[in-house]
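The following paragraphs lead the reader through selected parts of a protein structure. Please keep the sequence and the model in view while reading.

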Amino acid sequence: MSDQIIGTTAADIADSVRDLRDRGVLVAGSPLPPVRELATSLGVNRNTAVAAYRQLAQAGIVLSRGRAGTVITGHESVAQEGYASDTVLRDVGTGNPDPRLIPDPSQALATVAGRPVLYGEPVIDRGLDEWAREWIAQDLDPLDFRITVTSGAVDAVERLLAQALMRDDAVALEDPCFLASIHTVRLGGYRAVPVPVDEEGMTVEGLRAALDAGIRAVICTPRAQNPTGASLTPARAAALRAVLADHPYVLIIEDDHFSLLAQRPYETLIGPRHRRFALVRSVSKFLGPDMCLAIAATDATTHERLAMRLSPGTTWVSHLLQRLTLTQLTDESVVARIGAAREHYASQNAAFAARLDEHGLACAPTEGLSLWLELPKPARLVAERLMRRGWLARTGDDFALDERADPSHHLRLTVHDLSDDDAATLVADLVAATR
């Protein structure tokens, strides 16, 4: 295969591989030559071949499998959130909210259709802007911030990175990491720098190492980190702010996706003199994933750059959706329903974790829609055994940033919607699968 790849620069080599894939010469699973072999055949420095493969990996075209080599990716190579398609198994790896706990928007929909919005008008509904400022001010005061509305948290993160970074810039990501963040960084052509996560959140040494590696942005989940469920403690947040104090222009993006469902208070990496920041809060976990709306509170400069990417008439978020969001979030019955959902997720996860503990499988009932279960055996082995018992679980391997890492010993389990009988059966099957 190396004789068909051409080029003397990293960009040319990457373009050659992309062309071979587009013409069908390379298909999903096709192996690429080792870096040293490719460099020799092309007469280029080994670092040039490494850079070419890195560009291809960041674009999602190839996948490095460590000692197993580098291959062309297929759709099956990219893990996705949500329900698995084409399976008869009971899916407990979805990460979905319980649809029974999502407020019905029918009544609110009847009230939001008013005067039509035309080209050139403000992109943010005035009422939502005022409500969001009051909500965010409870956590970001005395910082000076501006409000932007985007089509969900992933859209916000993508736009934030695009306005601040260039291709191949380094971005610090939590490891293990939320799947959407992995995809966003990879497809944007940025270089992911993993920062380990423990029970208190992103580690101080990990962030310090990432800053030494030259990161220009850091994406952090302050509460209910996906997949681990970890939330920043006050001490950890203070230590991370101290590390970032010497890097005020590194863009901090906090994805506080669990906001209104969280039981723990919000802690932040954003220090009082930090110059580039964004606190992003979507409504998908409590109003439903189809409510593609997020509120981003940013510094003034970042706000101005985002405004250039949210021009009226082309990339704004529908004012009907903004009004619907505001109507629901200011409805006492909806707020009460969100509160009930908060208690439900916490109690259901705690009850399942207690069942696991009773059977010798320790599991901390952290925040979030799922549990992060540590296993005595490799997770893929346990998941395969669970499949034979009718369950589909998601292993920690999907969330690992370092593809050369050892096999994961964790499962992410979404169990808040299981009946007592189903929960008991799953625990029994988990115990059997780990023997």
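**A pocket, a strand and a helix**

The lining of the second largest pocket is made up of twelve nonpolar, 14 polar and four charged residues. This description rests on a predicted model. The pocket itself has a volume of about 620 Å³. Its lining comprises 30 residues, and those closest to the centre are Val154, Phe178, Ser284, Lys285 and Pro289. Four elements each give two or more residues to this lining: helix H6 (153-164), helix H7 (179-187), strand S9 (217-220) and helix H10 (284-287). The largest share, four residues, comes from H7.

The next element to consider is strand S11, which spans residues 277-282. Six of its six residues are buried, and the strand is therefore largely enclosed by the rest of the structure. In a regular strand, side chains alternate between the two faces of the sheet. In S11, both faces are covered: Phe277, Leu279 and Arg281 are buried on one side, and Ala278, Val280 and Ser282 are buried on the other.

Which strands are joined to S11 by bridges? Strand S10 (residues 251-255) runs parallel to S11 and is joined to it by four bridges. Within this pairing, Asp255 of S10 has Val280 as its bridge partner in S11. Strand S12 (residues 294-298) runs antiparallel to S11, and five bridges join the two. Here Arg281 stands opposite Ile295 in S12.

The loop between S10 and S11 holds Ser259. Is this residue, Ser259, buried or exposed? Its relative accessible area is 6%, and because buried means under 20%, Ser259 counts as buried. Leaving aside residues up to four places away in sequence, Ser259 touches Trp135, Arg223, Arg281, Ser282 and Phe286. Two of these contacts, Arg281 and Ser282, are also among the buried residues of S11.

Helix H8 (residues 204-212) may be considered last. Its buried residues are Val204, Gly206, Leu207, Ala210 and Leu211. Seen down the axis of H8, these residues fall within an arc of 165°, so they line one face of the helix. On the other side of H8, Glu205 and Asp212 are exposed. What covers the buried residues of H8 includes strand S6 (170-175), strand S7 (191-198), strand S8 (201-202) and helix H9 (234-244), together with S9. Strand S9 also gives two or more residues to the lining of the second largest pocket.

Note on methods:
Residues numbered from 1 in each chain as written. Predicted model: local features only at pLDDT ≥ 70, side-chain atom pairs only at ≥ 80, totals over all residues. Heavy atoms only, no water. Buried < 20%, exposed > 50% of the residue type's maximum accessible area, 1.4 Å probe, protein only. Pairing = 2+ DSSP bridges. 1 Å grid on protein atoms, 1.4 Å probe; cavity = no way out; pocket = protein on both sides within 12 Å on 5 of 7 lines; lining within 4 Å. Points joined across faces, edges and corners; volume = space filled by probe spheres on them. Nonpolar A, V, L, I, M, F, W, Y, C, P; charged D, E, K, R; others polar. Arc of directions from axis to C-beta. Contact = heavy atoms within 4.5 Å.
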